[in-house]
Amino acid sequence: MRAGLASLLLLALLPARAHADDDACKRRISVVGHAAEARAPDFAEVTVGIEARGATPAAALDAASKAVAGVSAQARALGVPPADIGTAAVSLQAGSRTVTRPGGAVTEEPDGYRAGNAVTVRLADMDRLGDLLRQALESGANRIDGVSFGLREPDKAEAALQVAAARDARTRAEALAEALGAKLGPVCVLTTTGGAVPPPPVFGRALAAPMAAKGRRVPIEAGTIQLASEISATFAVAP
């Protein structure tokens, strides 16, 4: 818990404007409750891409498609269900090259076509992620655009933290009320904030194809996902 927020307590024991049915909240105390937890992720997600060149649009696209089909097959062989394998991007564009003419003039000339294809794989068995990346390179992949980690049921984890934060808020309010010789009453206002902060992506750039020649399993560390929740609560108090 952060010390600054832990000390952020607003005590309002003066009469406040209230509706006829809010008499109990004319005297009140407001606090902020906190809860935090570090959880291990339960899935990894990686986007693997292929960039290929060809003399014609069809040749370039066919080369990229063949390689990405191999990546998808490798993922299925590792037990990844079809629902967790999806196309991320497909691209095709004319290529060009820079030519320096006699005399120093520089021009751009056509140079076949470039095609790209990328597939995103969600892997529950994170121990197999390193194997998947190596096998993807062996299947022809030449880009790994990012590895990220997450929770399949983040709402469930957040709900548990909100309950813990609410209990912390009540404990704080009870302690303040006791210190002032007052009795804590029912809750008047309750608001929640919070969420998960995933670890940063492991890769954010292209990986060179020579990695495949070494045949090494790509080392991956999942880290933890930081979860936090805050509850702002206002309780009625009685003298």
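A disulfide here is a pair of cysteine sulfur atoms within 2.5 Å. Keep that cut-off in mind as we walk through this predicted model, because Cys25 and Cys188 meet it: their sulfur atoms lie 1.9 Å apart. A search of the whole structure turns up 1 disulfide, and this link of Cys25 and Cys188 is left-handed, with -100° about the S-S bond. What does the pair tie together? Cys25 sits in the loop between strand E1 (10-12) and strand E2 (28-39), while Cys188 belongs to strand E7 (residues 183-197), so the bond joins parts that are 163 residues apart in sequence. The two partners can also be described by their accessibility. Cys25 is buried, at a relative accessible area of 15%, whereas Cys188 counts as partly exposed, at 26%.

Now step back to the whole chain. It has 5 helices and 8 strands, and reading along the sequence you meet them in the pattern α-β-β-β-α-β-β-α-β-α-β-α-β. Of the 239 residues, 33% are buried. Contacts that reach far along the chain are well represented: among those between residues at least 6 apart in sequence, 80% join residues at least 24 apart. On the outside, the accessible surface comes to about 13600 Å², and carbon and sulfur atoms account for 55% of that area.

Next, look inside. In soluble globular proteins, nonpolar side chains tend to be buried together. In this model, the largest nonpolar core has 29 residues, and those with the most contacts inside it are Val46, Leu129, Leu132 and Leu133. Which elements each supply at least two residues of this core? They are strand E3 (43-54), helix H2 (57-77), strand E5 (106-123), helix H3 (129-138) and strand E6 (143-150). Helix H2 gives the most, with 6 residues. For a close-up, pick Leu129: setting aside residues up to four places away in sequence, Leu129 touches Ala44, Val46, Leu123, Val147, Phe149 and Ile220. There is also a second, separate core of 17 residues, which includes Val31, Leu151, Ile231 and Val237.

Helix H4 is worth a stop of its own. At 1.5 Å a residue, the 26 residues of H4 (residues 154-179) should span 38 Å, and the C-alpha atoms at its ends are indeed 38 Å apart, which agrees. Which residues of H4 are buried? Ala157, Leu161, Ala165, Asp168, Ala169, Arg172, Ala173 and Ala177 are. Just after H4, Gly181 takes a positive phi of about 70°.

Strand E5 offers another local view through Glu109, which is found in that strand. Glu109 and Ser96 are 13 residues apart along the chain, and their C-alpha atoms are separated by 5.4 Å. Leaving out neighbours within four places in sequence, the contacts of Glu109 are Gly95, Ser96, Arg97, Val99 and Arg101.

Finally, a word on confidence. The chain averages a pLDDT of 81, and 81% of the residues score at least 70. Two stretches deserve caution. Over residues 1-21 the pLDDT is below 50, and this stretch has 29 contacts in the model beyond near neighbours in sequence. Over residues 200-213 the pLDDT is also below 50, with 27 contacts beyond near neighbours. Where pLDDT is low, the predicted coordinates should not be read in detail.

Terms used. Residues are numbered from 1 along each chain as its sequence is written. Side-chain values use heavy atoms; hydrogens and water are left out. A nonpolar core is a set of buried Ala, Val, Leu, Ile, Met, Phe, Trp, Tyr and Cys residues joined through side-chain atoms within 4.5 Å. Buried means under 20% relative accessible area, exposed over 50%, partly exposed in between (1.4 Å probe, protein chains only). Helices (H or I, at least four residues) and strands (E, at least two) are DSSP runs, numbered from the N terminus. Contact means heavy atoms within 4.5 Å. The expected span of a helix is 1.5 Å times one less than its number of residues. Accessible areas come from the Shrake-Rupley method with a 1.4 Å probe; for residues, only the protein chains shown count as cover. pLDDT is the predictor's confidence in each residue, from 0 to 100.
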